[in-house]
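Here is a short briefing for a first look at this protein. Keep the structure in view while reading.

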Amino acid sequence: MALYAAAAAVLAGVESRQGSIKGLVYASSFQNVKQLYALVCETQRYSAVLDSVISSAGLLRAEKKLRPHLAKVLVYELLLGRGFRGGGGRWKPLLNRHQARLKAELARLKVHRGVSRNEDLLEVGCGPGAASQVPRFVRVNTLKTCSDDAIDYFKRQGFSYQGRASSLEDLKALKGKCFLLDPLLPELLVFPAQTDLHEHPLYQAGHLILQDKASCLPAMLLAPPPGSHVIDACAAPGNKTSHLAALLKNQGKIFAFDLDAKRLASMATLLARAGVSCCQLAEEDFLAVSPSDQRYRQVQYILLDPSCSGSGMLTRQLEEPGTGIPSKERLRALAGFQQRALCHALTFPSLQRLVYSTCSLCQEENEDVVQEALQQSSGTFRLAPVLPSWPHRGLNIFPGAEHCLRASPETTLTGGFFIAVLERVEVPSSVSQAKVSAPELRSSPSPAPKRKRRRRNTAAAPSTLSCTKQVLKTLTSWVEEGMTLVLPSA
């Protein structure tokens, strides 16, 4: 099948350091990128286990034309996955010839390590430490369903609902088919780490979004009310955009920008499946978007999650264990772009609140970028204090940095993440002027305004209502006399 060949090609590319799993998946010609991504990630997760089983079974010695990366994908599907999809093509009979030996070697490996479940093999040295213990977070898409209905559906499928979690220890203790409601986000369900829901009907119908908890925080902390105009500056692949739409209840507008056409196309599919109808996608560099463009004059909220090193991503820790911090040259280039993007976002005239986030652990991409942007804003923006009970705060390198949030598998049981919420110190004059002048009417330049003021001054106005009626009566008489009324200039 094309799926297995594509997965093998991605694994080979990762091993030869041609790119990351996500980058190579999007660069492939395989259409269902989510299916491919999930298969590659799970195969890579069990890589050490698969290598041991394949070697012990002598599979590559017996099948000399079978390439190692393809063998790994096929054996994962046979032993640990959902079986061969779409019949398995010509690979199924080949693997069936070795099925008994492969299963025997997997069973022998479990006995040798003293475990009974496949996932327990990861817990005794085959996984990347704390990253392998991060639970599966599932956001309920409130544009299509609600948490109660999703919980009931899982219960009917034999899952055991344990209620709302009260601590990280509750999440760590999850096993089997048990699941919890997250203590912070009311629409976030939590399952054991190895739970695979990519083939679940609620996920495929867009009722569920597979999204790490830390990745859910930016939209939650931006908190745009329904009817707002929002910019998602670097939007693909779209999970945060769909979260924003859910918070807006599809009321208002989201302007979503990204330069990668292929990622935007995949994002459009994701948003359509999620029922998002308030988003305008644009294949455009956010830095080229003019803050003075009238289309964005009402934008008061911006979510900026720019390209970063990805050093906090769980999949990156699985793909490239031990690679550590990116090179100084790469960090310098990324931080430069992030700095320009953040400073550019802060120039939108009606902006009131902005969330800056990365999936990086590096100070250069996080606190340093925020500090420089605050200095350049000359006091117009400040860091908003958020989630005071969150255990992992920003590095204390400048006053107020403790208002930033950090996340990691060790401290928050999530992927590595950084979040800063910036808010305007003063309401921009354009907004205040619009609020004052919008309800007013005035005539074209003539003696008429004086007449209007005389009538207001001399007329008996026992109440605001009677005064308003008198003004309306006067305006009606002016219109009947052929006078022109004009709206105030902006």
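Strand S10 (residues 353–358) and strand S13 are joined by six bridges and run antiparallel. This pairing is a good place to start in what is a predicted model. From there the briefing follows S13 to its other partners, then turns to the cores and the whole chain.

**Strand S13 and its partners**

- Within the S10 pairing, Leu 354 has Leu 422 of S13 as its bridge partner.
- Strand S11 (residues 381–383) also pairs with S13, antiparallel, over three bridges. Here Arg 382 stands opposite Glu 423 of S13.
- S12 is another antiparallel partner of S13, with three bridges between them. Ala 407 is matched with Phe 417 of S13 as its bridge partner.

**Burial of S13**

- Eight of the eight residues of S13 are buried, so the strand is largely enclosed by the rest of the structure.
- Both faces are covered. Phe 417, Ile 419, Val 421 and Glu 423 are buried on one side. Phe 418, Ala 420, Leu 422 and Arg 424 are buried on the other.

**The largest nonpolar core**

- In soluble globular proteins, nonpolar side chains tend to be buried together.
- The largest nonpolar core here holds 47 residues. Leu 221, Ile 254 and Ile 419 have the most contacts inside it.
- Several elements each supply at least two residues of this core. Among them are the helices H12 (213–222), H13 (239–248) and H14 (261–274). The strands S4 (188–191), S7 (253–258), S9 (299–304), S12 (405–407) and S13 (417–424) do so too.
- H12 gives the largest share of this core, with six residues.
- Which residues does Leu 221 contact, leaving aside its neighbours within four places in sequence? They are Arg 353, Val 355, Val 386, Leu 387, Leu 405, Ile 419 and Val 421.

**A second core**

- A separate core has 44 residues. Val 14, Leu 39, Ile 54 and Val 75 are included in it.

**The protein as a whole**

- The protein contains 21 helices and 15 strands.
- It has 490 residues, and 50% of them count as buried.
- Take the contacts between residues at least 6 apart in sequence: 69% of these join residues at least 24 apart.
- The accessible surface comes to about 23,300 Å². Carbon and sulfur atoms account for 52% of that surface.

How values were computed
Residues are numbered from 1 along each chain as its sequence is written. This is a predicted model: local features need pLDDT of at least 70, side-chain atom pairs count only at pLDDT 80 or more; totals for chains, interfaces and linings use all residues. Side-chain values use heavy atoms; hydrogens and water are left out. A nonpolar core is a set of buried Ala, Val, Leu, Ile, Met, Phe, Trp, Tyr and Cys residues joined through side-chain atoms within 4.5 Å. Buried means under 20% relative accessible area, exposed over 50%, partly exposed in between (1.4 Å probe, protein chains only). Helices (H or I, at least four residues) and strands (E, at least two) are DSSP runs, numbered from the N terminus. Contact means heavy atoms within 4.5 Å. Accessible areas come from the Shrake-Rupley method with a 1.4 Å probe; for residues, only the protein chains shown count as cover. Two strands pair if DSSP finds at least two bridges between them.
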